[in-house]
Amino acid sequence: MQNRKVLLSVTGIAQNVGTDDDAMHLVTTGLLSGGKDAWKLRYRETQPDSQETHRVTLTMGDGAVTLQREGGFNTNMVFVQGRRFQGNYRTPHGELDMGVFPTHVRYAVD
């Protein structure tokens, strides 16, 4: 499949111990490529407070979703249900160690 322009809806919920859940929702356009077993989705997101733009690439296949964000806030994350991933989140103010443990990973291409 060649690059195909798509409408993208991303919803995320961050759960932190001792605080309320933090929900995020983004609707934008992107480019989708791939086929039957593996997909790649590229899009740009804008920080609401600074209007800084980041390039985001999601790769989906084999039960995993990987996220690569490029810009002032760089990160690479791997989401596999029931598996912990340890990584870094780089910001203009410094680097943060981060761990994710996805309890549910799902994507749909339709």
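**Entry 1, pocket lining.** I looked up which element gives most to the lining of the largest pocket, and the largest share comes from β1, with 10 residues. This is a predicted model, and I read every entry below with that in mind. The whole lining of the largest pocket runs to 47 residues. I noted the ones nearest the pocket centre: Val10, Thr11, Gly12, Ile13 and Met24. The elements that give two or more residues to this lining are β1 (4-14), β2 (22-35), β3 (38-46), β4 (53-61), β5 (64-70), β6 (74-80) and β8 (94-100).

**Entry 2, pocket volume and character.** I took down the volume of the largest pocket as about 2,100 Å³. I then sorted its lining by class and got 29 nonpolar, 11 polar and 7 charged residues.

**Entry 3, confidence.** I checked how far the predictor trusts its own model. The average pLDDT of the protein is 86, and 98% of the residues score at least 70. Which elements stand at the two ends of the range? I found the lowest mean pLDDT, 83, in β1 and the highest, 93, in β5. I marked β1 for a second look, as the element with the lowest mean pLDDT also gives the largest share of the pocket lining.

**Entry 4, β5 and β6.** I followed β5 into β6 and found the two strands antiparallel, joined by 6 bridges. At one position along them, alanine 64 stands opposite valine 80 of β6. The two strands make a hairpin with 3 residues between them. In this hairpin I noted glycine 71, which has a positive phi near 145 degrees.

**Entry 5, β6 and β7.** I went on to the next pair, β6 and β7, which also run antiparallel and are joined by 2 bridges. For asparagine 74 I looked up the bridge partner in β7 and found arginine 90. How many residues lie between β6 and β7 in their hairpin? I counted 4, and glycine 82 in that turn has a positive phi of about 80 degrees.

**Entry 6, threonine 91.** I closed with one residue of β7, a strand that spans residues 85-91 and holds threonine 91. What does the side chain of threonine 91 reach? I found it at 2.8 Å from the backbone oxygen of glycine 94. Leaving aside residues up to four places away in sequence, I listed Gly72 and Phe73 as what threonine 91 touches.

Note on methods. Residues numbered from 1 in each chain as written. Heavy atoms only, no water. 1 Å grid on protein atoms, 1.4 Å probe; cavity = no way out; pocket = protein on both sides within 12 Å on 5 of 7 lines; lining within 4 Å. Points joined across faces, edges and corners; volume = space filled by probe spheres on them. Nonpolar A, V, L, I, M, F, W, Y, C, P; charged D, E, K, R; others polar. pLDDT = per-residue confidence, 0-100. Polar contact = N/O pair within 3.5 Å; in protein donor to acceptor, adjacent residues only side chain to side chain. Contact = heavy atoms within 4.5 Å. Pairing = 2+ DSSP bridges.
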